[in-house]
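Here is a short tour of one protein model, moving from the overall fold to a few leucines. Please keep the viewer open as you read.

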Amino acid sequence: MVEDGYLRDLVLLRRWKRALLAKGADIAALLEQILSGKEVELGAGIPELGATGKEQRLRRFLELIDRGVKRAATDRFGRCTVCGDALLQAVLDEQPWTERCLLHPA
Ligand SMILES: [Zn+2]
């Protein structure tokens, strides 16, 4: 039996995956600029991720995005990687790379 909201979820999943891929391309371009010696300002939309420098911050963010893209091919996307609870749609709309619920911050 098809679950309620299954089609809606597929549409959302495609949208989040597209957003992840677009963000990944943006971040890869920024990283390229840094590697070529350009001075780049990282906006507040790029999480700190405990990084000590811009290059590390971008690389960590890219890894986070990449894990999200891989999760989008599974049934675990949009669920906390610790407890498996569903993440809020509003959170995923804003930051589709989110891996954990509020109870399990990184
Ligand atoms: Zn959790």
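The fold has three helices and zero strands. Following the sequence gives the pattern α-α-α. Do bear in mind that this is a predicted model.

As for overall dimensions, the C-alpha trace spans about 55 × 25 × 20 Å along its principal axes. Of the 106 residues in the protein, 15% are buried. Among contacts with a separation of 6 or more, 48% join residues that are 24 or more positions apart.

Now to the leucines. Here are three of them side by side.

| Residue | Location | C-beta atoms within 10 Å | Burial |
|---|---|---|---|
| Leu20 | helix 1 (residues 6-35) | 24 | buried |
| Leu49 | loop between helix 1 and helix 2 | 14 | partly exposed |
| Leu64 | helix 2 | 20 | buried |

Let us begin with Leu20, a residue of helix 1. Is Leu20 buried or exposed? Leu20 is buried, because 24 other C-beta atoms lie within 10 Å and the cut-off for that class is 20 or more. Leaving aside residues up to four places away in sequence, Leu20 touches Ile65, Gly68, Val69, Ala72, Pro96 and Trp97. Ile65, Gly68 and Val69 fall within the span of helix 2, residues 54-71. For a sense of distance, the C-alpha atoms of Leu20 and Ala106 are separated by 19 Å, and these two residues are 86 apart along the chain.

Next comes Leu64, which lies in helix 2. Leu64 has 20 other C-beta atoms within 10 Å, so this residue also counts as buried, given that the class starts at 20. Which residues does Leu64 touch, not counting those up to four places away in sequence? They are Leu49 and Trp97. Trp97 is thus a partner of Leu64 and is also among the residues touched by Leu20. Between Leu64 and Ala86, 22 residues apart along the chain, the C-alpha separation is 18 Å.

The contact with Leu49 takes us to the loop between helix 1 and helix 2. Leu49 is partly exposed because its 14 C-beta neighbours inside 10 Å fall between the limits of 12 or fewer for exposed and 20 or more for buried. The backbone here deserves a look too: Leu49 has a positive phi of about 55°, although it is not a glycine.

Terms used
Residues numbered from 1 in each chain as written. Predicted model: local features only at pLDDT ≥ 70, side-chain atom pairs only at ≥ 80, totals over all residues. Helix = DSSP H or I, 4+ residues; strand = E, 2+ residues; numbered from the N terminus. Contact = placed C-beta atoms within 7 Å.
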